[in-house]
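Grab a pencil and take a look at the model below. Then work through the exercises at your own pace.

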Amino acid sequence: MQSAVRKREFSKLDELADQWALTVGEYIEEYALDDVVPGICMNPGCLYTAEVEPDQRQGWCEVCGTTTVRSGVVLAGLI
Ligand SMILES: [Zn+2]
């Protein structure tokens, strides 16, 4: 059974891929091995995305003013 946290991470990954006009599978293929990858703000309802380091978990969200941007590679569970 998926935890609520993992569920939220997967839905954020979905939103992130969507923002970049990719499927989640395409996102992973495209960015799994890159040095800079798209990340998304984890706050509910916020769709702010930015390019971050692959292991970023606390990137700056310019919309929320909080350190809530997480790399999609982290969201995908690849790191
Ligand atoms: Zn935000």
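**Exercise 1.** What arrangement do the four donor atoms around the zinc ion make, and why?

*Solution.* Some ground rules come before the steps. You're looking at a predicted model, where local features need pLDDT of at least 70, side-chain atom pairs count only at pLDDT 80 or more, and totals for chains, interfaces and linings use all residues. Residues are numbered from 1 along each chain as its sequence is written, and side-chain values use heavy atoms, with hydrogens and water left out.

Step 1: find the donors (N, O and S atoms within 2.8 Å of the metal, or 3.2 Å for Na, K and Ca; water is not among the atoms, so sites may look incomplete). The zinc ion is held by the SG atoms of C41, C46, C61 and C64, at 2.2 to 2.4 Å.

Step 2: check the angles. They run from 104 to 115 degrees, so the arrangement is tetrahedral (for four donors, all angles between 85 and 135 degrees). For comparison, the ideal tetrahedral angle is 109.5 degrees.

**Exercise 2.** Work out how the donor residues of the zinc ion are spaced in sequence, and which parts C41 and C64 tie together.

*Solution.* Step 1: the spacing reads C-x4-C-x14-C-x2-C.

Step 2: C41 is in strand β1 (residues 37-41), while C64 is in the loop between β3 (59-61) and β4 (66-71), so the pair links parts 23 residues apart in sequence. Strands here are DSSP runs of E with at least two residues, and helices are runs of H or I with at least four, numbered from the N terminus.

Step 3: compare exposure. C41 is buried at 0% relative accessible area, but C64 is partly exposed at 33% (buried is under 20%, exposed over 50%, partly exposed in between, with a 1.4 Å probe and protein chains only).

**Exercise 3.** Sketch the sheet and say which strands stand at the edges.

*Solution.* Step 1: write down the order. Four strands make an open, antiparallel sheet, β2-β1-β4-β3 (strands pair if DSSP finds at least two bridges between them).

Step 2: look for single partners. β2 and β3 each have just one partner strand, so one side of each lacks a neighbour in the sheet.

Step 3: zoom in on β1 and β2, which pair over four bridges. G39 sits opposite A50 in β2, and P38 opposite E51.

Step 4: sort the faces of β2. A50 and V52 are on the covered face, T49 and E51 on the uncovered one.

How values were computed
Four donors count as tetrahedral if all angles lie between 85 and 135 degrees; four count as square planar and six as octahedral if opposite donors are over 155 degrees apart and all others between 65 and 115; anything else is irregular.
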